[in-house]
Every structure is written in structure tokens, then in C-alpha cells.
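Here is a short tour of one protein chain, written to be read with the model open beside you. We will start at one helix, move to the sheet beneath it, and finish with a few backbone details.

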Amino acid sequence: MTKTEVTILDRLDQEMLEALRFRASAGKRSSARRHKLTMSDFKEIHRDVYRTSPVDAFESREILKCLERLENQGGIRQMEKTDKERLELPMNLWVYSPPPPAEPEVTMPPLHEKMGRVAHEWNRKAKQLTAYVAVNEWLMSDPDPTLIPLCERALEIFGKGKFTTYFSEPEKAFREISFGWLFSDQQYMRDFLDILKSEPPLLTEVYLAKAGKRGYASMDRGDILFVVENYTTCWSMAEALRTMDHGLGHLAWGIGKSFVSSVRSIRPDHGVAAIRYFGDLDASGLAIPIRANAQARAAGLPPVLPAVKLYDALFELGTPLPGKEKPVTRDRAEELAGWLCERHRDRAVELLIKGERLAQEWVGLRHLCMANAWHADVR
């Protein structure tokens, strides 16, 4: 077949190619460069797109023309085996996936004196260069050098709307990058970015046991169980609580949605008179305490209530950013926000219907050690 000059596909040809790609890739590995398609499938799609009929005497001729246009454009490739008819059509063809979008060019900004080595690595992928840009901007802002945990520092560095294209959960950004002179050596990165090492607790089944068998989470002061969704904030709270008066019997890491099930491990003889909770402000972050509260009530336990002052701080300190979760309807948003105290509900609803979130790590170690208002949540 003689190839003609490549031209831009018209609307129907573009629709045809999109339909071919959809049919050929259905149920197959999405990352593959090409997928096989039979001529019978091609004919079916061709008839649907171009409104032709199998009884049309010129159908094979129109199909050949379509194949040539799509092949010249690079969307397909005909295989050699044909049907041996007078106007031979391939038995099968390769349908190529669309090329990935070109990565946007990341311009190298004026560099902080500590970031001079970046200039030698300005040939990396856009996501990696964006990580350098974020760190550079943070250094240029003359940041507070106080040591804080990894996720809190990540949120401080990457917690801007312009970075969410590559880091949709900025508090977890350092889990996604491990390259180059800055990010490949974890200890070097921690020293460079003034990061305090904070490890998740080693949980045991008896951490809520009575006196004499208490474990990591025991605070030994009162009868309040305080549950925190993410371990970094739990660790920071434990550090801040060392030097203050409080009424906690236990401080627990909820391990995300695991708390929905683990709340049922609490027994009456554990002496828990109140359960308070603090987590992310997004759809899943509110669904967790709501579902855990239902489980607690079914087990005859105290209700799971929001840590009001900490949510005050989260609204004050946090920057709403687009999340990985889709926006929810207003009805669903109001249902989820109903668990919060009344003064937080309207703002939470607006956050949820926009598909935005507030990560609880915005309320970090510095705030917990310096502010007093949140103490009411632990008494």
C-alpha cells in the first residue's frame, strides 16, 4: 500500500481512532504501547462511526481508505495476513496507544546558596525538578530551622496548590522521591532539611490493658482515649504532652481506617470514659470517625467525638488543597460534616464539595508545643 502524506485527521477519523483504542485496550494492560484488534471489530466500529452498512458495495474500499489514513497518522499498523479477497483487508491490526503528554518545561529558578548542585541535575523529569523547586522556595523563605517530623516538613515544603499536580498528598511527598544528591540519602536529606526522626509506634494487642500491663500508648493520667488518624501527628502530640497536664489514659494511632474495626477491641474494664478523635479533613478522614462511632455505640462504648480545638487549629493553620478524592455532593458533604462541631460544619461542607482537603499534619509539633487552646481537648 502506497502511503500518502500525513494529514490531520478530521472529526470522524479522530472519533474512529478513539473508539479503536477503547475497544483494543479493554481489559488489557493500560501501559502497553499497542494492542491487537481483529478486522471484525474494526468493521463493527467503522459502521458505527461512519454510519455505513455491511451491504454497502463500497464498504471494503472505504475501510481501506480509513486504514490508510489512520496508519499514515501513526494510530494503527496493518498486519501482513489478509483475507485474500479482491480488495484485501488485514485480518488483524495493531492499535497504538496515544503518546503520553509532553512534560511541561520546568524553568530553573534563582537558586539558594545551598542548592547550587541542582544546576548540574537540571535534565531530570518534571516531577523531580518540581521537588527541587519546592525545596528551593522553602529555603528562600527563610524557614524556621526547628526540627520537625518528616511529614510535617513535607507539608511545609510541598503544601502549595502549584505542587499538587505531582504531589497530591504533599505530606507524603518524601515517600515518592529518592533520587539525586539530596533525596537519595535519607540521613543527608534529614540533616539538610532539619527533619526530626519520628517512627510509628510498635503496636501490641495489650496496649489498652489495665495497670501493670500498659504499653506504648498509655498516658496513665485519666480515662480519655485520644485517637489520631496518622502516626506523625500522634507522635508530635505525645512529644507535646510530655510537659503538660492532661487527662488522657491512652493516646492511640488509629492507622487510618483501621480504627473503624479496632475501636471494638476496647472493653468496659479498660476504664475508657471518653473517646476523642482527630484526623484529616476530607471525605475519608470524616467517614472514619463516623463509622467508628457507629461501632462504638453498638458495643456500648462512649461516642467518638471530635477534638474541637485541634480542628479549630487545622482550619486556621491549614491550606486547603485539591485531594485525590472526587468532590462529593452537598448532601453527602453535609452528612459527613455533621460529625464535627457546629462551627466547623459549613466550612467542611465547602471543602468537600470542592474536592479539597486539609491534612492533619498542618497542626504540627511547633504549634502543639507553643499553643495552649488545644489542651482543652485532652482534659
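In helix 10, the buried residues are A283, G285, L286, A287, I288, P289, A292, N293 and A296; buried means under 20% relative accessible area, exposed means over 50%, and partly exposed lies in between (1.4 Å probe, protein chains only). This is a predicted model, in which local features need pLDDT of at least 70 and side-chain atom pairs count only at pLDDT 80 or more, while totals for chains, interfaces and linings use all residues. Residues are numbered from 1 along each chain as its sequence is written, and side-chain values use heavy atoms, with hydrogens and water left out. Helices (H or I, at least four residues) and strands (E, at least two) are DSSP runs, numbered from the N terminus.

The buried residues of helix 10 pack against helix 9 (259-262), strand 8 (274-278), strand 9 (304-306), helix 12 (330-337) and helix 13 (342-353), where contact means heavy atoms within 4.5 Å.

Two helices can be checked for length. The expected span is 1.5 Å times one less than the number of residues.

| Helix | Residues | Expected span | Distance between end C-alpha atoms |
|---|---|---|---|
| Helix 4 | 126-140 (15 residues) | 21 Å | 21 Å |
| Helix 10 | 283-298 (16 residues) | 22 Å | 23 Å |

For helix 4 the two values agree, and for helix 10 they agree as well.

Now to the sheet. It is open, with 4 strands in the order 7-6-8-9 and parallel pairing; two strands pair if DSSP finds at least two bridges between them. Its edge strands are strand 7 (248-253) and strand 9, each pairing on one side only. From one strand to the next, the twist averages 30°; axes are lines fitted to C-alpha atoms, for helices over the stretch in contact, and angles run from 0 to 180 degrees between N-to-C directions.

Strand 6 (residues 224-228) is joined to strand 8 by 5 bridges, and 5 bridges also link strand 6 to strand 7. Strand 8 and strand 9 pair over 3 bridges. Y277 of strand 8 is a handy landmark: its bridge partner is V227, and Y277 also stands opposite P306 in strand 9. Further along the sheet, L225 has H250 in strand 7 as its bridge partner. Strand 8 is mostly covered, with 4 of its 5 residues buried.

How do the helices sit on this sheet? Helix 10 lies across strand 8 and strand 9, running at about 145° to strand 9. Helix 11 (residues 308-317) packs on the sheet too, touching strand 6, strand 8 and strand 9, and its direction makes about 10° with that of strand 8. Strand 8, helix 10 and strand 9 make a right-handed β-α-β unit: with the strands pointing away from the viewer, the path from the first strand over the helix to the second runs clockwise.

Back to helix 4, which is mostly covered, with 11 of its 15 residues buried. Among them are Y132 and W138. The cover over its buried residues includes helix 5 (150-158), helix 6 (180-183) and helix 7 (186-192).

Finally, some backbone details. Most residues other than glycine have a negative phi. D142, just after helix 4, takes a positive phi of about 55°. R51 has a positive phi of about 55° although it is not a glycine; R51 is found in the loop between helix 2 (39-50) and helix 3 (59-73) and, at 66% relative accessibility, counts as exposed.
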